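This report describes how two protein chains are folded and how they meet. Please keep the structure in view while reading.

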Amino acid sequence: MSRRVAFVFTGTAPPEQSATALKLAERLLARGHRVTVFAHERDTTLAAGTDELARAAAGLLRRGVHGGTLDWVVDAAAAERHGVAATQAPGVVPGDHSDLWAFVRHADVVLSVGGGA
Amino acid sequence: MTVALLVSHTAAQGLALARAWAESGDDVVVVLLDGAAAAARDGHADAPALRAALAAGVAVSAHDDALRRRGVTGGGLTDGVKTIDLDEVADLVAEGADKVVWL
């Protein structure tokens, strides 16, 4: 049965945990589950850079957005603060906490990435 | 209720929480990820918390890639700890637990 899993990137996770979360999201997509991502603060840069994490995020977006099973929203205000509002990978949508609430409300599982850091 | 607890930091804290849940009657699965995977190494400073969780019936697994990054091989794991790959973690998260928490 397809489940809906929401990842909330809090902006506080070390790179290793962010990478693990992106890989886990990829595995979930591969199994036919629906994945939603909401990125706060520093994690608004995840899909905007050129480093290893950004490449992983871009790959995930290509796979998920084209398959219609991934939604990726960045906190628009945070993206502005971090100077990445105009450089997000294709498929990333600027949003706000109403999007976060919608993701959480509709999710079967919510994973906070970095909350325990 | 089956609870999956993913732990990336502060393994001792996560294991103590898992132990408390197990002692309250829940089936608890702990997955040690990222930095927390080091706690699965035999002789680690968090070994007492790990052994206490295992003794309380908590199922403890450690992420194979995280162990490899830290040079921990199968023979160096605390008895009772299993290795797990991300495909298995994905199945656990999506379908194998009633509640999932990531610390």
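## The contact between the chains

Two residues are said to be in contact if their C-beta atoms, placed from the backbone, lie within 7 Å. The model is a predicted one, and in it the contact takes 18 residues from chain A and 16 residues from chain B. On the side of chain A that touches chain B, the elements that give two or more residues are α1, residues 15–30, and β5, residues 109–113, both of chain A. Of these, α1(A) gives the most, with seven residues. Sorted by class, the residues on that side of chain A are seven nonpolar, six polar and five charged.

## Two helices that cross

Two packed helices are described by the angle between their axes and the distance between the axes. Here α1(A) packs with helix α4 of chain B, residues 86–95, at an angle of about 70 degrees, and their axes are 9 Å apart. Angles of 65 to 115 degrees count as roughly perpendicular, and α1(A) and α4(B) are therefore roughly perpendicular to each other.

From α1(A), the residues K23(A), L24(A), R27(A) and L28(A) take part, and they meet L86(B), D87(B), V89(B), A90(B) and A94(B) in α4(B). This contact of α1(A) with α4(B) has six nonpolar and three charged residues, but no polar ones.

Another residue that lies in helix α1 of chain A is E16(A). With residues up to four places away in sequence left out, E16(A) touches D34(B) and G35(B). Is E16(A) buried or exposed? A residue is buried if 20 or more other C-beta atoms lie within 10 Å of its own, and exposed if 12 or fewer do; E16(A) has 17 within that distance, so it is partly exposed. Within chain A, the C-alpha atoms of E16(A) and L53(A) are separated by 9.3 Å, although these residues are 37 residues apart along the chain.

## The sheet of chain A

Chain A has an open sheet of five strands with parallel pairing, in the order β4-β3-β2-β1-β5. Because β4 (92–95) and β5 of chain A stand at the edges, each with a single partner strand, one side of each is left without a neighbour in the sheet. From one strand to the next, the twist averages 20 degrees.

At one edge, strand β3 of chain A, residues 70–75, runs parallel to β4(A) and is joined to it by four bridges, with W72(A) standing opposite V92(A) in β4(A). At the other edge, five bridges join strand β1 of chain A, residues 4–9, to β5(A), again in parallel, and V8(A) has S112(A) in β5(A) as its bridge partner. The covered face of β5(A) holds V109(A), L111(A) and V113(A), whereas V110(A) and S112(A) form the uncovered one.

## The sheet of chain B and the core

Chain B also has an open sheet of five strands, in the order β4-β3-β2-β1-β5 and with parallel pairing. Its neighbouring strands are turned by 25 degrees against each other on average, direction ignored. Strand β2 of chain B, residues 27–32, pairs with strand β3 of chain B, residues 59–63, over four bridges, and in β3(B) the bridge partner of V31(B) is S61(B). Helix α1(B) lies across β1 (2–7) and β2 of chain B, and runs at about 170 degrees to β2(B).

The largest nonpolar core has 73 residues, and those with the most contacts inside it include F7(A), V31(B) and L32(B). Helix α1 of chain B, residues 11–23, gives the most to this core, with six residues. Apart from its neighbours within four places in sequence, L32(B) is in contact with several residues, among them V7(B), A11(B), V60(B) and S61(B).

Definitions and conventions
Residues numbered from 1 in each chain as written. Chains lettered and ligands numbered in written order. Predicted model: local features only at pLDDT ≥ 70, side-chain atom pairs only at ≥ 80, totals over all residues. Nonpolar A, V, L, I, M, F, W, Y, C, P; charged D, E, K, R; others polar. Axes fitted to C-alpha atoms, helices over the stretch in contact; angles between N-to-C directions. Parallel < 35°, antiparallel > 145°, perpendicular 65-115°, else oblique. Pairing = 2+ DSSP bridges. Core = buried A, V, L, I, M, F, W, Y, C linked by C-beta atoms within 7 Å.
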